[in-house]
Amino acid sequence: MMWHLMKYRFKTLLKDRSLLFFSILFPIVLATFFGMTLKGAYNVDTLKPVEVAIVTNENYDQDQAFQEFIKTISQEDGLLAPRYVSEKEAESLLESGDVKGIITKTETILLKVKSSGIDQTILKTVTDEYLVKSHMIENLLANGADFQQLMATMNDTTNYLQSNSTDNVNLSVIFFYTIIAMSSLYGGNWYMRCICDTTANLSDRGIRFNVSPVKKSQALLCDFIAANVIQFVSMLILLAYLIFVIGIDFGNQISLIFLTILGGSLAGSSMGSLISAVGTQAYQVKTSLLVGITMLMSFLSGMMMVQVKYYVQAYAPIIAKINPANMITDAFYSLYYYGGGSRFYMNIASLFIFSGILYFISFIILRRKQYDSL
Amino acid sequence: MIIHVEQLVKRYKDLIALDHFDLDVQEGEVLGLLGPNGSGKTTAINCMLSLLKYDKGKIELFGKPMTANSYDIKRDIGLVLQNVAVFDELSVEENIDYFCGLYIYDKAQRQRLVNEAIDFVELNDFRKFRPKKLSGGLLRRLNIACGIAHRPKLIFMDEPTVAVDPQSRNSILNGIRRLNKEGATIVYTSHYMEEVEEICSHIVIMDNGKMVAQGTREQLKAMISLKEKIEIDQIKLSSQQLDAIRDIANINEVQYYGEHLEVKCNGGDHNLVNLLDYFKENNIDFGMIYSKLPTLNDVFLEITGKELRDQG
């Protein structure tokens, strides 16, 4: 009997085109669009040298140290891409946008910019750092410091930030994590379809099933296995697509990635289970409900705008804690940036607890065999 | 007794769907459950199948109390629903195999039964077709096959011929006769009196959740005063002539509208002859004339004051 139920359950699910589309094809299409538009957009290690105009006036010509400084930071893959021009030419280049700023050597260093942004901030940092260091050296020399004392002071810097992340940080993966989260939750459609087929007040097939001598618990178990196996496999397909076709790097902890996907699949399946168990709306209405709730959860976990995730964590942390989409994306974060850790396991545990609670509630409702109305 | 229902009461909030409903069905019968929409036929069946909770009463099938956990009883029951309840993703053969497999675990036996069911409903040419490719009549046949493939002893058929073409309907009704011949007891609900008259050995008429009459076709018709109905088209009559017709023996009701005359007789064997004699004596011309015996609709009308046809 179990084999008979599972065999036909696999057949009906794998031939349901709308389920196949929403659970497998749609996330792949979305990932493809994201890949085309977002991949590499947030790579911090691809900073281009800032184009800057250096005014070649008399002060510049006389300051060897400053010339040496500019030359050093303008070498291959350096911070600046300088153009040595007259003041008039510099103004023209700034106006046309060919350079981001003008550095003019006077008694001090003047920086002129037209707008604000990352490049302009870099120019400001460079000029400020030069001024600080050059004044420091002048003071030390005026106080009679020798070369060794000079070098010791120059190298005596304290960095108050500790890097705790892995290398090759790529912020665009955030969007792909939310696709995985969304797809996990969409997977609730598989189990929802199963439950509607075997529950008398949800479909005519359910009436026929309930009149048969098959125990409901048997059917629920078979459907649970079939739906979750299909969901897990479809998640693996999506993951393989993201890694091998889109080229997203999820790190190298395969077993923990699978664990995250398993937790996400169960969470989605449990949501589908609860939505189908509660109320007697038509199957199409319940599907729309699941899609709507999934989209909302994905939005709150940063799918459309990354900032939303941080706002929710800052102003409504309880929502972040109970949102399974957030649990999934956060688990992937933890894996990617920190290689796992307690934060990762907290999220995984939360996913399993979330799933357990929803399954429990839905099975309490679904185990009944008689209804007030059909 | 295959089915024994005693004083069944089912309420939906303030609405009484079944009002102390009684029913007894003998083994081998084809019982027709007749009544207009909303009379409680489907509710009665769902209660008997333990799908619905009920407020009061007793239900026994095969001599045993019927509950939702009566899996041994459920093994001998088949259900043909009013709506088609099959999987769109499975073929005809797969659908029948799936539902048969809920009752029959042995694969070889099930394969044989599936083949027999497909033969029975004459869907051999459509084995590999999916439901979406089938016409309405063929879908109904598939629906029946899914409900009877496991050879149940008791079959509930809830309006199985709704929206079906006449050819398919005849095929379905013939199939029901064959099932009964092979030993199945059938409870057949419908609001089509012609079907019920044609195949049912025993008829129960329901209205407002109650049984209002039961018996064979002849017993039910004998319950009412109407014995014959005569209709005449394209006839022109004056009020004096209508009064004269009313005075003819055994005629108890006359209706005349738009050159159509309807005469109801409560007895007598020569009502038609008497009427024709009157028309001849008075040189009254007419178009068509036909005499009909009372139908179940007339039975229902006389007992309840309402038409049996769909009341919208």
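This passage looks at model confidence, one helix pair and the cysteines of the structure.

The structure is a predicted model, and a good place to begin is the confidence of the predictor in chain A. The mean pLDDT of chain A is 85, with 90% of its residues reaching 70 or more. One stretch of chain A calls for a more careful reading: over residues 164–168, pLDDT stays under 50. For this stretch, the model has seven contacts beyond four places in sequence.

Two helices of chain A can be followed next. Helix α1 spans residues 2–14 of chain A, while helix α9 spans residues 188–198. Their axes come within 11 Å and cross at roughly 120 degrees. An angle over 115 but not over 145 degrees counts as oblique, and α1(A) and α9(A) are therefore oblique to each other. The crossing of α1(A) past α9(A) is right-handed. On the side of α1(A), the contact is made by Arg9(A), Thr12(A) and Leu13(A). Trp190(A), Arg193(A), Cys194(A), Asp197(A) and Thr198(A) make it on the side of α9(A).

Cys194(A), one of the residues in that contact, leads on to the cysteines. How many disulfides are there over all chains? The count comes to zero. A disulfide would need two cysteine sulfur atoms within 2.5 Å. The closest cysteine sulfur to that of Cys194(A) belongs to Cys196(A), and because the two are 9.4 Å apart, they are too far from each other for a bond. Is Cys194(A) buried or exposed? With a relative accessibility of 0%, Cys194(A) counts as buried. In chain B, Cys200(B) also counts as buried, at 7% relative accessibility.

How values were computed: Residues numbered from 1 in each chain as written. Chains lettered and ligands numbered in written order. Predicted model: local features only at pLDDT ≥ 70, side-chain atom pairs only at ≥ 80, totals over all residues. Heavy atoms only, no water. Buried < 20%, exposed > 50% of the residue type's maximum accessible area, 1.4 Å probe, protein only. pLDDT = per-residue confidence, 0-100. Contact = heavy atoms within 4.5 Å. Axes fitted to C-alpha atoms, helices over the stretch in contact; angles between N-to-C directions. Helix = DSSP H or I, 4+ residues; strand = E, 2+ residues; numbered from the N terminus. Parallel < 35°, antiparallel > 145°, perpendicular 65-115°, else oblique. Left-handed = near helix turned anticlockwise from the far one by under 90°.
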